[in-house]
Amino acid sequence: MTDIQPVILLSALLFTIGVVGVISRRNALIIFMCVELMLNSSNLALVAFARQWGNLDGQLFVFFVMAVAAAEVAVGLALMVAIFRTKHSTNVDELSQLKG
Amino acid sequence: MAIVQAPIPIYEDERNTVTAQDAQLDITFDQLKKLVSPRALTGETMLLNMGPQHPSTHGVLRLLLELDGETVINCVPDIGYLHTGIEKTAEGKPYMKSIPLTDRTDYLAPMSNNLAYCGAVEKLVGVDVPIRAQYLRVILAELTRMNSHLVWLGTHALDIGAMSVFLYCMREREMILDVYENVSGARMMSSYFRIGGLWRDVPSSFEPQVRKILEVFPKRVLEYEKLLKENPIWRERTVGIGKIDAVRALEFGMTGPSLRGSGVNYDVRKAAPYSSYDHFNFEVPLGTNGDVYDRYRCRLDEFPQSLKIIEQALNKLPAGPVITDDRKIAPPPKHEIATSMESLIHHFKLWTEGFRTPEGEVYFAVESGKGEYGVFLSSNGTPTPRRVHFRTPSFSNLQALAYMSKGCMLADLVAIIGSIDIVLGDVDR
Amino acid sequence: MSAEFLVFLVVALISVASALGLLLSKNAIYAAMFLILNMVSLAVIYLLLNAPFIAAVQVAVYAGAIMVLFVFVIMLLGAEKLNAPETRPGLKWQQPLALALGVALAFQALYVVFARGITAPANVIEAGPLAIGRLLFTTYLFPFEVASILLLAAMVGAVVLTKKDN
Amino acid sequence: MSLLLDVVLKVVVVLFAVLTGFAYLTLLERKFISRLQARIGPNRAGPAGLLQPLAEALKLILKESFVPSRADKFMFFLAPILSVIPALMLFAVIPFGNNDVLQLASHVPVGVLLVASIIGTAVYGIAIAGWSSNNKYASLGGLRAAAQVISYELAFGLAMIAVVLMSSSASLADIVTAQFGGGILGWFIFRQPLAASIFAITAMAELARAPFDLVEAEQELTAGYMTEYGGMKFALFYMSEYIKMIALSGLFVTFFLGGWNGPFAQEFWPLSLLYFFIKVLACLLVMVWVRATLPRLRYDKLMAFGWKGLLPLALANVVVTAALIVSGLPGYK
Amino acid sequence: MGLKNFFEQASKLPVGFATVLRELGKKPVTVQYPEETRPMSARFRGRHELKRYENGLEKCIGCALCAAACPADAIYVEAAENTNEVRYSPGERYSKTYEINMMRCIFCGYCEDACPTNAIVLEAREFPSGYTREGMIYTKEMLIESPPINIAATPQRTEPGAYDRPILPFPPIDTSK
Amino acid sequence: MAILLLPILIPLIAAAINAVFGPKLGERTSGWLATLACMASFACSVVLFAQVAGQSEGGMNTNLFPWVWVENLHVSFGLLVDRLSAALMLIITGVGALIHLYSIGYMHGDSRFSRYFVYLNLFVAFMLVLVMGNNYLMMFVGWEGVGLCSYLLIGFWYEKAKNTDAARKAFVLNRIGDVGFIVGLLLMFSVFQSLNFSDVLGVGETGFKIGAAQLPFVGLITLLLLVGATGKSAQIPLLVWLPDAMSGPTPASALIHAATMVTAGIYMIVRSHVLFDAAPSSANVVALVGACTALLAGSIALRQYDIKKVLAYSTVSQLGFMVAAAGLGAYTASIFHLMTHAFFKALLFLAAGSVIHGMEHYAHNMAASHDEKHIDPQDMRNMGGLARKMPLTALTFLAGALSLAGLPPFSGFWSKDEIILAALERNPVVFALLAVTAVITAFYTGRQLMLVFWGTARTRDARNAQESGPLMTLPLLLLAILALFGGLLNFPGGLWLEHWLEPVLGAEPAAGFNVAIAILFSTLTIVALLVAFGLYRYGGRETQVKAQTGLKGALNRGWYLDDIYRAIFVIPFYALASFLARVFDLGGIDGVVNGIGRLVNTVALGARRYQSGFVRMYGLVMLFGVVAMLTWFMLSAR
């Protein structure tokens, strides 16, 4: 692969799908997965740009994104479990106690 | 009852019993509420049916488990899947015809059961058993104890995942079954004991066969010890698991090694010696902590003691008859039938009607491999008993399971079931 | 059309399809499976982009750890099918609007990608574990350490959150 | 195209070899464990039971395919496949011998990482199987599997890291070459005994084999995640377990037992293949031996052992190894 | 888990491994059943067999004591009168019907003990099996042993008065078995 | 240069050990651990002293590590051991060790035994930081540290409200002084751009250079420093805390509130003598403050009945002597008096502690019936004739008292004599004040001696008093010897101390020895003592507790200083505070805050309709924003 344009395109598409997922789904777990998808798509872009400019910094960035994603998933899923214990649901619409 | 799918809707209307499509449920919802914690009804904890067809319930025991993760919150044993009606059947039979039935209660220790039943009837009618028969009964009862313990050890170890021990135990058990076959003609359902003595005298090959066992067994027991006693995994799985203290164990009516594991020195052989057990020198191993490991130790330490008793009995074995010569109790030798009309009459009378007993009630207990095996007989003077009851060790010991397993892990439950050594035939009768 | 591009095309189609599957699946387990597929396909693209290390880490971390956690939690909660019907009638227009905005975003992205020409890429450089590691422990040492602290904090947080108070 | 042909040919040959190996491994295990338990083992099908695997395969194939009524059908079918594929993929990076034909992808620079990622994905099959069966025993087994595999992956990876440090390469082919010097003492099992034992233990845990077979502990969970499986789908699970056994034995040999190397192996490649085969066989027999001896761990103890025992030990080992390498101790440079 | 404790525990493991490995050197105890059989005790309680005298007459006299003794009520005996023309057994009566329900039988040997003529013996080395319930009811034809060689099967025609009273000696009792 | 840290570290570590494991160690271990730590510290000090002695000047100055390093404020964690600090270190650790030893006996049976030693060790460490720091910030750390320890020890028996009140009083008054000190330091930094002794004072390097522009500031700085010193050293106007501080354990009073901490102010002035030299008017203020304090406190001591209060006021008075000496430029005399005072006042306090201990003996051990009223064991009116009961204590107390009174062979005489001589030479007003004070000192000393030890026992407790154990008397004896011969340090013949301090303080005009003055003051002292002896031979008329009126009452109440402060500061402060709380806080601040809150509330009530609580709604709005922004970018990039 020498031309990264299609890769960026793919990345953008995946990102869009992730965004739509995040705002249209109600199952918190799936929303979470869509966030992961968005992170992945940005990773893809980073790797592509790293390839473009011929240095490794982009790949390193992906590495850190992964670390952050791992931390986020750990805490997020723990939250999910805690919420599920009290509400027996992962529907984000039901998590509206903070509404005005 | 089928698996209760959680969360269970809590019915608030008149439908208090769960029926309709839950036709498989045979207890009411209210009854279920009393058995498990409220958390199970909201689906927070999981209800799990372990058994009646489950590899580690040692038969057809069913346990209704309430699990929080893998932690057992409640354990409700459900028995009766192997109910054979032996007690009731025995009420309709002359006394001697119930002996084969007793084989089938604790089917892993037939000789002990025979001994208890015969002893009870002998006590009821007041017949003396020849000393040779008593000694042979002791030898066979101790072999039976080892037989029972071997099956227990094998299955218990298999429950905890030690696979080879099971096969080694079964190998050793063969030697004892060979003795059974040699003396009685059957490997499991021996029915060898008769009221007033034994069916026949043991064959001449009996003694060398038992001597061989005496020689081989200590080594084999050592082998199990090498595999288990110091094994860290084994210790981790057993030490401190399923603890029950002495008082609580007594309250549950536990007996046998399961009770002695908690440190209570109660052994029918010592407490109320029968069948000339007081002629022999032996010790009763005791545990201290009342956990799975101590029960395991108690049983394993009983092997050498049993061997010791057998050796003493074999060395002191007197000559003489093996069954009482009271023709009213025991049928005469067959060759007498041809020559003696009296014998013929006794023979026919015993095999058709049986014998009459004095009115009254007796209780006679022996120490079987699993604990106190007691027989209660109530007689109204007819040839059939009015009431027969077997006080079986497995039943009493099983009662403690719910207590011991509270708060343990699922895997511990399996170990605890193994450690109390139940046989469902013994539980359900 | 080179063989590599062919491979890319196939994999990209798979990844878009799996992302759509994630978006549309009713069942959380299926969603997770689609996401795993998506991640594995991205790993293949990373390979095409001369990033074998990242590809391997992608599979190991995302597919091997993060998604296992997801699947584990879904199974633990039994939350895979808890997709209640739309209970908020006032939000009926929300999903179409989200889709519309998403399409708009996608078009904007397309525009940006194609409006600006991207210059020919530089030479391929070695992206093995050695090179990455060297960079990680020199230039990026501080972020690396911070990441480790972040993970530690996340770990503690997860433990605290899921601990049952007795 | 010749490249493609080459690849396809290799894959087919390896696949064939692995499948045969799996089949006979089941027989080997049963025979060996029987002997350890004073039994004989299967000996009816064919001479000395040699056709037993065939007979069993036939039986399993001919069995009725059965899906529980409330199971998730698609996942129920997918699960066995998901568990077999990673097992097979592992063979890509293992160098079987001193010949280009025998080294598929063992030169890739991220070989060790590849192993880690493949092992990491192997859990899905089991977890999905447990979930899709809609059976409480199965789901307990699936959950146990997921937790167990994740937990032991860390120590597993760290054990591999120690090897990577020793050979300063993550390519499996290089790891084999790094063990050339010093005869048998050059093997990493002698230079990295701790890493070797941790690898062995965690490998058994990853395989969910005794004494770590809680995932399918029949005494507790009847058959764990495969409670509802039968016939060919069950066979696939069975297959994946045994193929993974072979694969992880191969990895152990590669990492710690000098790989395919042995006397004259570098000059005459068939010898190298033979050595590799013998070493793998030895590892497999040890695994069977362990299964015959040890009781099963309890679930929470297993977790504690993994997290509090093996993981710190593996970490310490990595640190010590790094220190030794930096200090330039003979045998560590 | 202390490190010392860890190694101490680990050091306990090899004993078990050695114990298991030692079995490799021993002979397996498995008996290859159909090809080889283990020796059975002389007292082995096998399938019932109805015995005959050496002259071919049946030992069973139809007294039904076995049925009375049976704890499982598995035996059904129906007796009939012998005549000199149709004689099955010495003496007055013989068993016209003799059936054992093998599904009920518990092989306790009480019938054998009760039999005054040693007619029923549990010694056949074969094991009842069948596909139908009816097939598990063994009739007299299935149970009775075949007559000695060159001796006619029952019923026999006998000299009148030869068997009005049992003239054969009472069968010897085999207590050694 | 780690050895420099050792004397500080050892007691610190011991304190840490005692703090963590103290209650488990038991009294014996815990006490001896602390004592040995202090002794080890003393040993280190001796070694350092020897090293310093080997050097002609400068001492050992190290910066261990950068500490405050902001912009051009560069302060290191630095230690300086020169001749001045080495001498003080010896005093601190030496006297400290003896007091530690004494405390083992004194605190026996206390429920917070180990904690006491934690504080004591901590104090020693901080005191060493104070004298060893090579910059003002380090000094300030020690300054605050010892203040903390003092607070903790005054309130050691915090069950009694009186003690905590005293502790709080000490703390607050010290803070007032500290404010002065801090402001002085800030000013110092702005003038000199440094806080290091070497830069500010130019010690040992370039000499002291101050430009003319800086001179007024120097005056201000020195005055501010004086404020700090008045706090710590209990000078006018901040002197009232020290007498109250006597409610702490007696050994702690001996160490902190007599021998060491209260002299920190003097140390500070002496250390900064260069500045004071450059600001003569400030120096005069210092001298006057000191002299006035000396007289004021001395006069108050005349009519005190509490055995410790007398000593406390005498301490204030003696501190006044030292401050006055420092103000007069007689730094050596000041330090000399500091040292001798440390010996004899510590001795006096410890002996007084021993007396109290003896007095409590009856109440603790022999109280036959509990209905007997407990009497105050510290009130001198309840004592009398104790010399016979506790001869060793009496003898050592006598040594200390005579030293305090300034009787010729005793150490106090020599140091006081030097100060008075210096005053005579330099400032007649100060001289007059000090001279009167000296006579008063002798008088109240004599009064105390008679009331406590002479005559017959006036109470049951006094009759049953018992000599304290060797753990307590041994330090007494050692200190008595020091009190006796401490004068040799700067004996007019040798002037050893003066030569010793010369590299630090510079060459002073040699303090001569005026025989006439010496004889005059010896005589005055003897006369005053004899008068006191005569007046109080049989306990005097003051043995009955009765209302004090007139001058006597004024003296007894410490010139009503506390009451004056209460009237001037405390009551108006309370009034202001309550005014602010009622009017300003509620009306002004709360009104503004509540108003803002109400405003936000109103706005939020309107805005809450858009807070649906649906996360996906929020997400949608965010996405809308993103799309809009991107659109704008695209359009504007065109």
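This passage walks through the nonpolar cores, chain A and a small sheet in chain B of a predicted model.

Start with the cores. The largest one holds 178 residues, and the members touching the most others are Val131(F), Tyr136(F), Met188(F), Leu275(F) and Leu386(F). Helix α15 of chain F, spanning residues 331–366, puts in the largest share of this core, with 18 residues. Tyr136(F) gives a feel for the packing: setting aside neighbours within four places in sequence, its contacts include Phe181(F), Leu185(F), Met188(F), Leu195(F) and Phe197(F). Val200(F), Leu201(F), Ser272(F) and Leu275(F) are also in contact with Tyr136(F). A second core, separate from that one, counts 106 residues, among them Leu60(A), Ile45(C), Leu77(C) and Val215(D).

Chain A is built from three helices and zero strands. Of its 100 residues, 68% are buried. Looking at contacts in chain A between residues at least 6 apart in sequence, 57% link residues at least 24 apart. The chain's accessible surface is about 3,200 Å², and carbon and sulfur atoms account for 71% of that.

Over in chain B, three strands form an open antiparallel sheet in the order β1-β2-β3. β1 (46–50) and β3 (71–78) each have a single partner strand, so one side of each goes without a neighbour in the sheet. On average, neighbouring strands are turned by 20 degrees against each other, direction ignored. Five bridges connect β1(B) with β2(B) (residues 62–68), and Asn49(B) sits opposite Leu64(B). Two helices of chain B lie across this sheet: α16 (residues 393–405) crosses β2 and β3, at about 165 degrees to β3(B), while α17 (residues 410–420) crosses β1, β2 and β3, at about 150 degrees to β2(B).

Conventions
Residues numbered from 1 in each chain as written. Chains lettered and ligands numbered in written order. Predicted model: local features only at pLDDT ≥ 70, side-chain atom pairs only at ≥ 80, totals over all residues. Heavy atoms only, no water. Core = buried A, V, L, I, M, F, W, Y, C linked by side-chain atoms within 4.5 Å. Buried < 20%, exposed > 50% of the residue type's maximum accessible area, 1.4 Å probe, protein only. Helix = DSSP H or I, 4+ residues; strand = E, 2+ residues; numbered from the N terminus. Contact = heavy atoms within 4.5 Å. Areas by Shrake-Rupley, 256 points an atom, 1.4 Å probe, with all protein chains shown as cover. Pairing = 2+ DSSP bridges. Axes fitted to C-alpha atoms, helices over the stretch in contact; angles between N-to-C directions.
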